[in-house]
Amino acid sequence: MQSLIDHARTFHQKVSGGREQAASPRHGVSPQAMFVTCSDAQVIPSLITGARPGELFELRTAGNVIPPYRLGRLTAEAATIEYAVNILGVRDVIVCGHTRCGAVQGRVRSWTLRSAPTTRWWLLQTHRWREAPAVAEEDAARAHLVAQLDKLRRYPRVARRLAAGRLRLHGWFYEVETGVVSNYHPDTGAFTPL
Ligand SMILES: [Zn+2]
């Protein structure tokens, strides 16, 4: 923890010295995309995409779970998605899953979440497998990602903008071991490297 504090304490010196960028005036109020991914510390959106400050609007949840849309149901995820689409007007939303995902492991082997009942409940009530869960963990993680995309498509504003051709959804899968990022093709169900 101390190294994190030390870095934060001196960060302003790096900004003023030009070695780091604190904010991008060009993209400050208009991020290029919304990036939805897992809270996992191994997944760093700006590292994967090369995005600079101001270019990505992020939503991070355990297991990159997007709850089903329900009218009148208040969730942080729904509010964040609404803000990105309605207020910021993002044209692209990336939902990014990853290998070695503890949430997916917990979804497949629920006993691993015995000491985290809230997390277990969250994963169970927001995620129904489309079919029998895959045996291989990586297949399960990809199926999990596709399930989140399906739920996101049903958010009313997202659905309207998709229908109008004003929004694009991207399903990415990040391999933390290799750094390879694959893209999901809804028409074939295949994942191919970007
Ligand atoms: Zn994860």
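1. Two strands are taken to pair here if DSSP finds at least two bridges between them. On that basis, in this predicted model, strands S4 and S5 form a hairpin with six residues between them, and Gly179 in the turn has a positive phi of about 85 degrees. The two strands run antiparallel and are joined by three bridges, with Trp172 standing opposite Asn183 in S5.

2. Strand S4 (residues 168-174) also pairs with S3, here in the parallel sense and over seven bridges, and Val93 stands opposite Leu169 of S4. As for burial, S4 is mostly covered, since five of its seven residues count as buried.

3. Taken as a whole, the sheet is open and has six strands in the order S2-S1-S3-S4-S5-S6, with mixed pairing. Strand S2 (56-61) and strand S6 (190-193) stand at the edges with a single partner strand each, so one side of each is left without a neighbour in the sheet. From one strand to the next, the twist averages 30 degrees.

4. Around the sheet, the secondary structure of the protein comes to seven helices and six strands, which follow the pattern α-β-α-β-α-β-α-α-α-α-β-β-β when read along the sequence. One of the helices, H6 (residues 137-153), lies across S3, S4, strand S5 (181-185) and S6, and runs at about 165 degrees to S4.

5. The zinc site deserves a careful look. The protein donors of the zinc ion are Cys38 through SG, His98 through NE2 and Cys101 through SG, lying 2.0 to 2.2 Å from the ion, and along the chain these donors follow the spacing C-x59-H-x2-C. Because Cys38 lies in strand S1 (residues 33-38) and His98 in strand S3 (residues 92-98), this pair ties together parts that are 60 residues apart in sequence. A residue counts as buried when its relative accessible area is under 20%; Cys38, at 6%, therefore counts as buried, and His98 is buried with a relative accessible area of 2%.

6. The largest nonpolar core has 33 residues, and those with the most contacts inside it are Met34, Ile81, Val93, Val95, Leu152 and Val158. At least two residues of this core come from each of S1, helix H3 (76-88), S3, helix H4 (102-108), helix H5 (117-125), H6 and S4, while H6 gives the most, with six residues. A second, separate core of nine residues includes Phe35, Val43, Tyr174 and Val181.

7. Met34 illustrates the packing in detail: leaving aside residues up to four places away in sequence, Met34 touches Phe57, Leu59, Thr80, Ile81, Ala84, Val90, Asp92, Val93 and Ile94. Thr80, Ile81 and Ala84 are among the buried residues of H3, a list that also holds Glu77, Ala78, Val85 and Leu88. H3 is followed by Gly89, whose phi is positive, near 65 degrees.

8. Some overall values complete the note. Of the 194 residues of the protein, 40% count as buried, and the protein exposes about 11000 Å², of which carbon and sulfur atoms supply 54%. Among contacts with a separation of 6 or more, residues 24 or more positions apart account for 61%.

Terms used:
Residues numbered from 1 in each chain as written. Predicted model: local features only at pLDDT ≥ 70, side-chain atom pairs only at ≥ 80, totals over all residues. Heavy atoms only, no water. Donors = N, O, S within 2.8 Å, 3.2 Å for Na, K, Ca; no water. Helix = DSSP H or I, 4+ residues; strand = E, 2+ residues; numbered from the N terminus. Buried < 20%, exposed > 50% of the residue type's maximum accessible area, 1.4 Å probe, protein only. Axes fitted to C-alpha atoms, helices over the stretch in contact; angles between N-to-C directions. Contact = heavy atoms within 4.5 Å. Core = buried A, V, L, I, M, F, W, Y, C linked by side-chain atoms within 4.5 Å. Areas by Shrake-Rupley, 256 points an atom, 1.4 Å probe, with all protein chains shown as cover.
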